[in-house]
Each structure stands twice: as C-alpha cells, then as structure tokens.
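Subject: The structure we talked about, with notes

Hello,

Here is the structure I promised to hand over, and below it you will find my notes on what was found in it. Please keep the 3D view open while you read, and look up each residue as it comes.

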Amino acid sequence: MSEKKVLVIDDEDFIRELVKDFLELDEVECLGAETREAALQLISEQNFNLILLDRNLGNIKAEEFITQIRDILPKVPIVILTGDPNCGEKYLEETGANGIVYKPFQVNEFMDSVNKFLEI
C-alpha cells in the first residue's frame, strides 16, 4: 500500500466498499465510517490525506460537519460525494469543501478526481 490514506464517510455500505475497492486498485489505504461519530473518532486518531464525505449523512448538514472536521484536521482536502447535479462551485464555497464527485461514478472518472487531491 502507498502512504496515502483516505477516509470515506457515507451511510451506504455499498458506496464505502465501492470507493475502497477503487482506491485499493491504486494501492491507496482506505478506511470507512458510516456515521459522524465514527468518522470523528477516526479523524481524531489518525491522519488522512483526503476525506470523501457524503452530502447527505443522516441529519447533519455537510457544512456543519466540515467545520467539525476542519477543527481537527484543518488542511486535509474534503471532497463531497453527491447525486445532486445542482451542487457546484457555489456549494463548495458555502461548505468549505475542496471538490465534488457526482454519483453514480465510474472508476476512471472517480480516480481522476481523487488523484488530483492525492497528487498521485
């Protein structure tokens, strides 16, 4: 495995496993969290090179959660995972996220987006 580590925060098992499979193809270590609480625990214990965050994670708004993440890891890039095609640059500015990956995604498109932030 490379020295790169990604945290994927999504309440759907399928998405977490799919992202993990994609990243492991490039030998990137990937951990997953289903809830905000589990994610904050991992973030407080480990360093990550990238965080992939589901826009709709239970009852918490992405911008509120991003603020909590930034309190612990202020410089880590955060990429929003969403199926909403209306999310764009304005949404990024409002939330403080660094990028967006739209669901459903294909492996090449997904990895191109992720690799920009991992600098692979």
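Let us begin with Thr82, which is found in strand S4. Please bear in mind throughout that this is a predicted model. Thr82 has a relative accessible area of 2%, and because anything under 20% counts as buried, this residue is buried. If its neighbours within four places in sequence are left aside, Thr82 is in contact with Arg55, Cys87, Ile100, Val101, Tyr102 and Lys103.

The strands

Strand S4 covers residues 78-82 and is joined by four bridges to strand S5, residues 99-102, with the two strands running parallel. Within this pair, Val79 has Gly99 of S5 as its bridge partner. Taken together with helix H4 (residues 89-95), which completes the set, S4 and S5 make a right-handed β-α-β unit.

S4 also pairs with S3, again in the parallel sense and over four bridges, and here Leu52 stands opposite Val79 in S4. To get from S3 to S4 the chain crosses through H3, and this β-α-β crossover is right-handed as well. S3 has a parallel partner in S1 too, through four bridges, where Leu7 stands opposite Ile51 in S3.

How well is S3 covered? Five of its five residues are buried, and the covering extends to both faces, with Leu50, Leu52 and Asp54 buried on one side and Ile51 and Leu53 buried on the other.

The nonpolar cores

Which residues touch the most other members of the largest nonpolar core? In this core of 25 residues they are Leu7, Ile9, Ile51, Leu53, Phe65, Ile69 and Ile80. The elements that contribute two or more residues to this core are strand S1 (5-9), helix H2 (36-45), strand S3 (50-54), H3, S4 and H4. Leu53 is a good residue to click on, since, leaving aside its neighbours within four places in sequence, Leu53 is in contact with Ile9, Ala62, Phe65, Ile66, Ile69, Ile78, Val79, Ile80 and Leu81. Apart from the largest core lies another one, of 18 residues, and among them are Phe22, Val79, Leu81 and Met111.

Helix H1

Helix H1 runs over residues 13-25, and its 13 residues reach 19 Å from the first C-alpha to the last, close to the 18 Å expected at 1.5 Å a residue. The buried residues in H1 are Ile15, Arg16, Val19, Phe22 and Leu23. When you look down the axis of H1, these buried residues fall within an arc of 130 degrees, and so they line one face of the helix. The general background is that an α-helix has 3.6 residues a turn, so residues three or four places apart point the same way. The face of H1 that is turned away from the buried side carries the exposed residues Phe14 and Leu25, while the buried residues are covered by elements including S1, strand S2 (29-33), S3, S4 and helix H5 (107-118).

After H1 comes Glu27, in the loop between H1 and S2. Glu27 has a positive phi of about 60 degrees although it is not a glycine, and with a relative accessible area of 48% this residue is partly exposed.

Helix H5 and the loop before it

In the loop between S5 and H5 you will find Pro104, and the peptide bond that leads from Lys103 to Pro104 is cis, with omega near -10 degrees. H5 itself has twelve residues and reaches 16 Å from its first C-alpha to its last, close to the 16 Å expected at 1.5 Å a residue. Phe110, Met111, Ser113, Val114, Asn115 and Leu118 are the buried residues there, and they pack against S1, H1, S3, S4 and S5. Just after H5, Glu119 takes a positive phi of about 55 degrees.

A residue at the surface

Is Asp71, which is found in helix H3 (residues 62-72), buried or exposed? Its relative accessibility is 64%, and because the limit for exposed is over 50%, Asp71 counts as exposed. From Asp71 to Gly32 there are 39 residues in sequence and 20 Å in space, C-alpha to C-alpha.

With best wishes

Technical notes:
Residues are numbered from 1 along each chain as its sequence is written. This is a predicted model: local features need pLDDT of at least 70, side-chain atom pairs count only at pLDDT 80 or more; totals for chains, interfaces and linings use all residues. Side-chain values use heavy atoms; hydrogens and water are left out. Buried means under 20% relative accessible area, exposed over 50%, partly exposed in between (1.4 Å probe, protein chains only). Two strands pair if DSSP finds at least two bridges between them. A crossover is right-handed if, with the strands pointing away from the viewer, the path from the first strand over the helix to the second runs clockwise. A nonpolar core is a set of buried Ala, Val, Leu, Ile, Met, Phe, Trp, Tyr and Cys residues joined through side-chain atoms within 4.5 Å. Contact means heavy atoms within 4.5 Å. The expected span of a helix is 1.5 Å times one less than its number of residues. The arc is that of the directions from the helix axis to the C-beta atoms.
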